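Load the model in your viewer and show it as a cartoon. The stops below go from the whole chain to single residues.

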Amino acid sequence: MHQPVEVDPRRFCRDSQAWETQSEVSAFPRLAREFTQGALFCRVAGQADQRGGLSLRLAIRGEVELTCQRCLGAMPHVVQIERTLHLARNEAELERLDALPDSDAILVGETLNLVDLVEDEVLLGLPLAPMHAEGECPV
Ligand SMILES: [Zn+2]
């Protein structure tokens, strides 16, 4: 099981640090509940632009298995996430950054758990009620 990977998000970006892992989904506390099996490659890289704007680039990919809500059978699901998240210090900054075109922002404090961040992104991209296409449940 992954231990939390706590970083200082601003320093992580300013120093262009990166963290990556190739893990079974069972190693992620929250993902282990959603997926029966699969593995994910995850990379989080910090970057700073010339104006001092800080952001995290996320790349997550892999193939996992969900449970079909109709037949309870296994259902393959491809995870392919490429996202840039700008770091916001407060609500006002969050709103301003989110309003920019093609921009996503997150509110971060003094520390950020990268395992949590990766899990949030993967969970956000999941269908609410995963099901095989109509008539395709293997019963
Ligand atoms: Zn099904």
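Begin with the whole protein, whose secondary structure amounts to four helices and seven strands. This is a predicted model. Followed from the N terminus, the elements come in the order β-α-β-α-β-β-β-α-β-β-α. Taken along the principal axes, the box filled by the C-alpha atoms is roughly 55 × 30 × 20 Å. The protein has 139 residues, and 23% of them count as buried. Among contacts with a separation of 6 or more, 59% are between residues 24 or more positions apart.

**The sheet**

Select E2, E3, E4, E5 and E6. These five strands make an open sheet, in the order E2-E3-E4-E5-E6, with mixed pairing. The edges are E2 and E6 (104–107); each has a single partner strand, so one side of each has no neighbour in the sheet. On average, neighbouring strands here are turned by 25° against each other, direction ignored.

**E4 and E5**

Now keep E4 (54–67) and E5 (74–88) in view. In which sense do E4 and E5 pair? The pairing is antiparallel and extends over 13 bridges. To see a facing pair, pick Leu66, which stands opposite Met75 in E5.

Next, move to the turn. The hairpin of E4 and E5 has six residues between the strands, and among them is Leu72, with a positive phi near 60°. Leu72 takes this positive phi although it is not a glycine. Is Leu72 buried or exposed? It has 10 other C-beta atoms within 10 Å and is therefore exposed, since the exposed class covers residues with 12 or fewer.

**E5, E6 and H3**

Add E6 to the selection. E5 and E6 run parallel and are joined by four bridges. Leu85 is the residue to centre on, as it stands opposite Asp104 in E6. Then show helix H3, residues 91–99, which lies across E5 and E6 and runs at about 165° to E6.

**The core**

Hide the cartoon and show side chains for the largest nonpolar core, which has 25 residues. Which members touch the most others? They are Val25, Val44, Ile60, Leu114 and Val118. The elements giving two or more residues to this core are H1, E3 (37–48), E4, E5 and helix H4 (114–124).

Centre on Ile60, one of those members. Apart from neighbours within four places in sequence, Ile60 is in contact with Leu40, Cys42, Val79, Ile81, Val118, Glu121 and Val122. Val118 is thus on this contact list and also in the group of core residues that touch the most other members.

**Ser16**

For the last stop, go back towards the start of the chain and select Ser16. Ser16 is in the loop that links helix H1 (9–14) to strand E2 (18–24). What is the sign of phi at Ser16? It is positive, about 50°, although Ser16 is not a glycine. Ser16 counts as exposed because it has 10 C-beta neighbours inside 10 Å. Leu72, in the loop between E4 and E5, likewise has a positive phi without being a glycine.

Conventions: Residues are numbered from 1 along each chain as its sequence is written. This is a predicted model: local features need pLDDT of at least 70, side-chain atom pairs count only at pLDDT 80 or more; totals for chains, interfaces and linings use all residues. A residue is buried if 20 or more other C-beta atoms lie within 10 Å of its own, exposed if 12 or fewer, and partly exposed in between; C-beta atoms are placed from the backbone. Two residues are in contact if their C-beta atoms, placed from the backbone, lie within 7 Å. Two strands pair if DSSP finds at least two bridges between them. Axes are lines fitted to C-alpha atoms, for helices over the stretch in contact, and angles run from 0 to 180 degrees between N-to-C directions. A nonpolar core is a set of buried Ala, Val, Leu, Ile, Met, Phe, Trp, Tyr and Cys residues joined through C-beta atoms within 7 Å.
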